[in-house]
Amino acid sequence: MEKILEVKDLQIDFDTFAGSVKAIRNVDFHLNKGETLAIVGESGSGKSVTVRSIMGLLANNAQVTSGSIDFKGRDILKLSNREIEKIRGNDISMIFQDPMTSLDPTMPIGKQVAEPLLIHGSMSKKKAMARAEEVLELVGITNAKNRMKDYPHQFSGGQRQRIVIAIAIVNYPEILIADEPTTALDVTIQAQIIDLMKELQNKIETSIIFITHDLGVVAGIADRVAVMYAGKIIEYGSVDEIFYNPQHPYTWGLLNSMPTLDTDSDRLYAIPGTPPNLLNPPKGDAFAPRNPYAMAIDYEAMPPFFKISDTHYAATWLLHPDAPKTEPPVAIKKRQAEFQRLVAEGKINQPEYEEEGGVKDDAE
Amino acid sequence: MMQNNPQPQERKKLVEVKHLKQYFNAGRRNEVKAIDDISFEIYEGETFGLVGESGSGKSTTGRSIIRLYTPTSGEIEFNGTDISKIKHKDMLQFRREMQMIFQDPYASLNPRMKVKDIIAEGLDIHHLVKNEAERDARVNELLDLVGLSHDHATRYPHEFSGGQRQRIGIARALAVEPRFIIADEPISALDVSIQAQVVNLLRDIQKEQNLTYLFIAHDLSMVKYISDRIAVMHNGRLMELSSADEVYNHPLHPYTKSLLSAVPLPDPFYERNRHRKGYDDRIETDGQLRSLKEIVPGHFVLATEEEVAGYQAAAEEYHLDD
């Protein structure tokens, strides 16, 4: 599969009064053409900072201390502002979380949708407005022709998010980054927006990076999933692998703490404690203090990525050949059994294994 | 199936809402019928879940019950007394029995007050402690209860994470030993891993202190998990009301079905094969008179007399399947 974007060894610090916060710590991932990659993690895990660096939208006190972001043979991190501006909103565009604040309240929506076309200078104003109307129709604004001159406050929350999406896709970007696009919306509207994004992906053949903390949404939209914790990716794999055969105890905890409709137990599983302070990131696995499966080595050394299949890797010492055999929580075992059943019935594909286990080549 | 349901008849009604209407800008051109004739009861010791989309009137309902609004018409009884008739001098006692936990833990704590003063504000107002030492002891007790440590007492809200702040909000509500707590979206601003902590905390405290909750939320799976009974609200009216299991497993009203079919689940195979059900709101707006009708014991649906038979047949079918 063709890689359209590749992030390598990204490291970002934020200078604050208290010192330097290590927000992103050696993040590697890539995006394949035409796929949807979901980045999951809680607030402060670094998922938004990661994608903002791709857009060249980092805050002034952010410093990229190492790494590269490869897009079409160029390193985005090395481009000048002017060069990034050519890419932003053209080749790569972004949908933000809050549709109430990401639209200009004083500008008619037709003009807002046409703006990227005019800025990137590809067409005349008349043509741009015609295209804006077409795209508004595409994202499901009914009677778009007569609503071009309306202002954002005249639309509901769900419609505003559709307009935000229209702005993002008007240039048919190669990469669409969606940062919690449905978090502020009701479930019914959320489902509509997700269906819309899937439909658009087919129509304009874009690749999507989808950021969220809602695992239910991820299961519905993603092809691959990367789980972030404390500025690092700790597990990644295909959506089936992450949901049915998770390996990292943090992923277990996340999946476990969501009530499913058949949760009957008296208590929900809750991950104890809170995420670490990244002013002084812990030496070993950052999740160790909250991890009931933590071993002595977790406090000493950062685990490398261990290979589970060609597409599935997890950074936990539990996968080391010398680690004592551990039983995952009951709910996770249920998921694994479900996985076996679905594979046996041919409903999902068995992931491929090139070789048995082992440490990923480029891991330290 | 039915034997799992609580037997409402034997239990004491703590809150009774009767034909409550709450209109804003009543009589004017921009009149909003936020709540349009709803009735329900909350029994002592139960968790009553109120679900709905934004704008459905669920928060307004909570705010009317705690008398932050004066209803346009209808009655709200708390423990047998009509709350609109509570005299000014008795208001303090009423406020002590009913407390609220708010959605946004960032906006609902005064940033200029120390945690111990936030928690003890109710104690001071209600004269529940005699001296400073007793006050500190009670604050520490409450901090223990919600899982915070004693040295948090002298800090300010900005030093805490969202989950910790919500714990402070819970401690504040519990300080005056209320009987009834209205929790308005208490977890929707929190991270997934923290949501479970707060929900477990609310459950533990409920068991310990025999509290009654009105739990308002839009996250349906969490509401199902925490509630004994659930009411589904839309456009200011109740669409369906029953035990949590009944509403989830045997939904009858098309709106409930549509809402449930939109809930995303952490299961890729289910998600790939999910079919969302649309909702045609003509069933509410065709001008016919509808009210909550008991379809099977304990299961109410908004319907006309003629529609009852249809819902009963649908309920019958569910129970044959079981």
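Start with helix H5 of chain B and show what packs over it: the cover on its buried residues includes strand S6 (98-101), helix H3 (115-125), helix H4 (132-145), strand S7 (180-184) and helix H6 (192-209), again in chain B. Keep in mind that you're looking at a predicted model.

Now select residues 162-174 of chain B, which is H5 itself. Of its 13 residues, 12 are buried, so the helix is largely enclosed by the rest of the structure. The buried set includes three arginines to pick out, B:Arg165, B:Arg167 and B:Arg172, along with B:Ile168, B:Ile170 and B:Leu174. Want a quick geometry check? At 1.5 Å a residue, H5(B) should span 18 Å, and its end C-alpha atoms are indeed 18 Å apart, which agrees.

Stay in chain B and click on B:Val232. Setting aside neighbours within four places in sequence, its contacts include B:Val51 and B:Gly52, then B:Leu238, B:Met239 and B:Glu240, and further along B:Val247, B:Tyr255, B:Thr256 and B:Leu259.

B:Val232 also takes you into the largest nonpolar core, which has 177 residues. Colour the members that touch the most others: B:Val232 and B:Leu214 from chain B, plus A:Val113, A:Ala166, A:Ile209, A:Val225 and A:Val227 from chain A. Domain 1 (3-222) and domain 2 (256-344) of chain A both contribute residues, so this core lies between them.

Next, colour chain A by those two domains, 3-222 and 256-344. Their centres, taken over C-alpha atoms, are 30 Å apart. Where they meet, nine residues of domain 1 are in contact with five of domain 2. On the domain 1 side, strand S2 (residues 19-32) of chain A gives the most, with five residues. By class, that side has four nonpolar, two polar and three charged residues.

Now turn to where the chains meet: 34 residues of chain A are in contact with 30 residues of chain B. Select helices H7 (187-204), H8 (215-221), H9 (239-244) and H10 (249-256) of chain A, each of which supplies at least two residues to the side touching chain B. H8(A) has the largest share, five residues. Colour that side of chain A by class and you get 18 nonpolar, 10 polar and six charged residues.

Last stop: A:Leu200, in helix H7 of chain A. Is A:Leu200 buried or exposed? It's buried, with 21 other C-beta atoms within 10 Å, where the cut-off for buried is 20 or more. Finish by drawing a C-alpha to C-alpha distance from A:Leu200 to A:Ile165: they are 35 residues apart in sequence and 9.8 Å apart in space.

Methods:
Residues numbered from 1 in each chain as written. Chains lettered and ligands numbered in written order. Predicted model: local features only at pLDDT ≥ 70, side-chain atom pairs only at ≥ 80, totals over all residues. Contact = placed C-beta atoms within 7 Å. Helix = DSSP H or I, 4+ residues; strand = E, 2+ residues; numbered from the N terminus. Nonpolar A, V, L, I, M, F, W, Y, C, P; charged D, E, K, R; others polar. Core = buried A, V, L, I, M, F, W, Y, C linked by C-beta atoms within 7 Å. Domains from an automatic or database assignment. Expected span 1.5 Å × (residues − 1).
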